[in-house]
Amino acid sequence: PGHPAHHMTIGTHEDIQAATVDDVLAFYRTWYVPANATLVIAGDVPDDVDAIVDRYFGSFPVSHRPVRQFPAPVTPARASGRVEDPFAALGRIHRAWHGPAAGAPDEAELDVLTGSWSAVGTGALWRRLVYETQLAQRVAAWTVNGRLGGELHVAVDLRTGSDPAAVRAILDEECTRGVDARAISRALTRREAGAVWSLTGLSRRAQIIQRHMLYTGEPDNLAAELLRYRTVTPERIDRAIERWLDPHRMVEIAL
């Protein structure tokens, strides 16, 4: 409670109902100002692009970038819950932990870790739960990283009739293990291949420039980001697991 990510960004229904025109205008005039914006122009840019920018944006009034609040890191206690869904055909066990913010230490390590866990055919979680024990139909693991913090997720879709306790036992065991250099190499290859593939479209290239400008202030930061991934080692992943994947700070939802 009190954290900006405690609720959806659109706000609650009660907040929207209670908002006044003055509230909306004040919010708009605080955040939707040129000083808080980034502009990316991509493609066959003409020589007079600076003059074009001045023509369309130069008359905007002077504005000031609003001060962003950065709340203290969240350290929740372990929690669990169950969702009853009569329309669900399969059960699911979904675990989550808080993680690092975008660009923070351990972001790359945890991204490589989750990618290695859930890789079809080679991932440790996929191999044990889908192939060896056949307790699950699908395993997914991923990270989410934003300005105010991040998350690490593991979701397992159970086969009909599978024992959830057996699945939890395997998750408890595997989520304390790191990955070897070979698994890291596979994850890096997929990561770099995805980065190269994303450069084939102009719109996607503009989005990449925009994201790095927004998060780091450096539009040409993709190479530096890939370099961070290339420095990932099994030892660094082990330290990231110890720091972030504390079983006493895990949230689990079962379906």
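## The largest pocket

In this predicted model, the largest pocket has a volume of about 1700 Å³. Its lining is made up of 43 residues, and if you want to find the middle of it, look for His3, Pro4, Ala5, Thr9 and Leu148, which lie nearest the centre.

Several helices and strands chip in. At least two lining residues come from each of these: helix H1 (13-18), helix H2 (21-31), strand S2 (92-99), strand S3 (136-146), strand S4 (149-158) and helix H10 (234-244). Sort the pocket's lining by class and you get 23 nonpolar, 14 polar and 6 charged residues.

## A closed-off space

How many cavities of 30 Å³ or more are there? The count comes to 1. The largest cavity holds about 40 Å³ of space.

Four names are worth picking out on the structure here: Pro76, His98, Trp244 and Arg249 line the largest cavity. By class, that lining splits into 2 nonpolar, 1 polar and 1 charged residues.

## Rings that pair up

Now for the aromatic rings. A pair of them is described by how far apart the centres are and by the angle between the planes. This structure holds 3 aromatic pairs. One of them is Phe27 with Tyr32, a tilted pair with 6.4 Å from centre to centre and 55° between the planes. Phe27 counts as partly exposed because its relative accessibility is 49%, while Tyr32, at 56%, counts as exposed. The cut-off for exposed is over 50%, so Phe27 at 49% misses it and Tyr32 at 56% passes it.

Another pair is Phe57 with Phe60, and this one is edge-to-face: the centres are 5.7 Å apart and the planes make an angle of 75°. Phe57 has 40% relative accessibility, so it counts as partly exposed. Phe60 is partly exposed too, with a relative accessible area of 42%.

Back to Phe27 and Tyr32: ring pairs link these two and Tyr28 into a cluster.

## A look at Glu174

Is Glu174 buried or exposed? With a relative accessible area of 4%, Glu174 is buried, because buried means under 20%. You'll find Glu174 in helix H6, which covers residues 164-174.

Which residues does Glu174 touch, leaving aside neighbours within four places in sequence? Its contacts are Trp117, Ala124, Leu125 and Arg128. With Arg128 there is also a polar contact of 2.9 Å between the side chains. As for Asn221, 47 residues apart from Glu174 along the chain, the C-alpha atoms of the two are separated by 33 Å.

Conventions
Residues numbered from 1 in each chain as written. Predicted model: local features only at pLDDT ≥ 70, side-chain atom pairs only at ≥ 80, totals over all residues. Heavy atoms only, no water. Helix = DSSP H or I, 4+ residues; strand = E, 2+ residues; numbered from the N terminus. Buried < 20%, exposed > 50% of the residue type's maximum accessible area, 1.4 Å probe, protein only. Contact = heavy atoms within 4.5 Å. Polar contact = N/O pair within 3.5 Å; in protein donor to acceptor, adjacent residues only side chain to side chain. 1 Å grid on protein atoms, 1.4 Å probe; cavity = no way out; pocket = protein on both sides within 12 Å on 5 of 7 lines; lining within 4 Å. Points joined across faces, edges and corners; volume = space filled by probe spheres on them. Nonpolar A, V, L, I, M, F, W, Y, C, P; charged D, E, K, R; others polar. Phe/Tyr/Trp six-rings, centres within 6.5 Å; stacked < 30°, edge-to-face > 60°.
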